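Reader: I would like a close look at one part of this model, followed outward to whatever surrounds it. Please take it slowly and define the terms as they come up.

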Amino acid sequence: MSTSLSTEQIDHYREQGYVVVPQALGPDEIKRYLSRATAIAHGDYPPEARRRLVKDIRFAKGDLPMPADPEHALWKMLNPDRFDPVMAECLHLPRVLDAVSCLIGEDLLAFLLMFIYKPPGVEDAYHPFHQDGAYFPFEPLDQVAGVWIPLDPADADNGSLCVVPGSHRDAIQGHRAIQGVNAGAFAAPAEDDAEAHEKSVTFDLDPGDCVIFHSKLLHRTGGNTTQRHRRVITLHLASARCTPKSGGMSEFGFNLVRGRTYEGCLQPAEHLSVPLGGQNR
Ligand SMILES: O=C(O)CCC(=O)C(=O)O
């Protein structure tokens, strides 16, 4: 068992549904992933990866003029590990895996890596309250955690992560689409609940800090009222003891990143992520 989290941190996760791990990434790693993301945003990717670069809805629909810098128009890179070996390293960040293994066990499947932007100056680019577990057809959700790692200083003004402590004990709520919000960013009823907003906590984070949160925890991010970037790496991890509730698992592309698999449980998808250092660009 990894001992990277203290008993107090583990208890905090169990009670509140999240824990903050300061400086999970160092300055060199931050620089490496930021500069790689910038290169990708400026066109350094294979043609088949184009659909994985998703613009913020306001730029995609032409409601806002395209900024001079294409990186300022992006909402996210979806599973960049599937086309880029540098981004694929983010599935294996050692301090992140050490910490997550203290919470959901030593056998870990990583899935749904995203590099998410909050475009500078786009004040209404909010992502409403939701529970990630609403998207996941496997169980138990207590054995699934998300990680959110800003690579820029993140605060309430540029769209940092905001959570409702303790909400991971609630059931998964019905989620719905909201007009004007990025496609697929569904909202839980809590988005319209003043009490949920009052109870919520917004993190002030330094680059490289990591929030690990339970897959049922209600969370959201606000818009970016600043001209600063807010770029984050997000990743989800499931215990390899989780079992599928239905078919259609292949879209998740599980990667075994620690430990072993179990018969009848979630299985890694072969050859989805490019091998580390294994591709010429
Ligand atoms: O970083 C963001 O803006 C939102 C991330 C998030 O909550 C998600 O992708 O589920």
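Author: What follows starts from strand β4 and works out through its partners, its covered neighbours and the ligand site.

This is a predicted model, in which local features need pLDDT of at least 70 and side-chain atom pairs count only at pLDDT 80 or more, while totals for chains, interfaces and linings use all residues. Residue numbers start from 1 along each chain as its sequence is written. Helices (H or I, at least four residues) and strands (E, at least two) are DSSP runs, numbered from the N terminus.

Strand β4 covers residues 108-117. Ten of its ten residues are buried, so β4 is largely enclosed by the rest of the structure. A residue is called buried if 20 or more other C-beta atoms lie within 10 Å of its own, exposed if 12 or fewer, and partly exposed in between, with C-beta atoms placed from the backbone. One of the residues in β4 is L112. Its phi is near 55 degrees, a positive value in a residue other than glycine. L112 counts as buried because 20 other C-beta atoms lie within 10 Å.

The next matter is pairing. Strands of a sheet pair through backbone hydrogen bonds, either parallel or antiparallel. Two strands are said to pair if DSSP finds at least two bridges between them. β4 and β12 run antiparallel and are joined by eight bridges; within this pairing, A110 stands opposite L237 of β12. With β3, β4 is again antiparallel, over three bridges, and here M77 faces F115 of β4. Strand β14 (residues 255-258) also pairs with β4 in the antiparallel sense, over three bridges, and R258 in β14 is the bridge partner of L108.

The loop between β3 and α4 holds N79. N79 is not a glycine, yet its phi is positive, about 50 degrees. With 22 other C-beta atoms within 10 Å, N79 is buried.

β4 also takes part in covering helix α2. What covers the buried residues of α2 includes β3 (74-78), α4 (85-88), β4 and β12 (231-239). The helix itself runs over residues 27-41, 15 residues in total, and reaches 21 Å from its first C-alpha to its last, close to the 21 Å expected at 1.5 Å a residue. That expected span is 1.5 Å times one less than the number of residues. Its buried residues are I30, Y33, R36, A37, I40 and A41. They cover an arc of only 140 degrees around the axis, which puts them on the same side of α2; the arc is that of the directions from the helix axis to the C-beta atoms. On the face turned away from that buried side are the exposed residues P27, D28 and S35. Just after α2, G43 has a positive phi of about 110 degrees.

A second helix, α5 (residues 94-104), is mostly covered, with eight of its eleven residues buried. Those are V96, L97, A99, V100, S101, C102, L103 and I104. After α5 comes G105, whose phi is positive, near 105 degrees.

Now to the ligand. The residues around it are I116, K118, H127, D132, G159, H219, T221, V232 and T234, where a residue is near a molecule if its C-beta atom, placed from the backbone, lies within 6 Å of it. The elements that give two or more residues to this shell are β11 and β12. By type, the shell divides into two nonpolar, five polar and two charged residues. Here Ala, Val, Leu, Ile, Met, Phe, Trp, Tyr, Cys and Pro count as nonpolar, Asp, Glu, Lys and Arg as charged, and the others, Gly among them, as polar.

β11 belongs to an open sheet of four strands in the order β5-β11-β8-β9, with antiparallel pairing. The edge strands of this sheet are β5 (127-130) and β9 (201-202), each of which pairs on one side only. Strand β8 (residues 161-163) meets strand β11 (residues 219-221) in the antiparallel sense over three bridges. In β11, H219 stands opposite V163, and H219 is also one of the residues around the ligand.

Definitions and conventions. Two residues are in contact if their C-beta atoms, placed from the backbone, lie within 7 Å.
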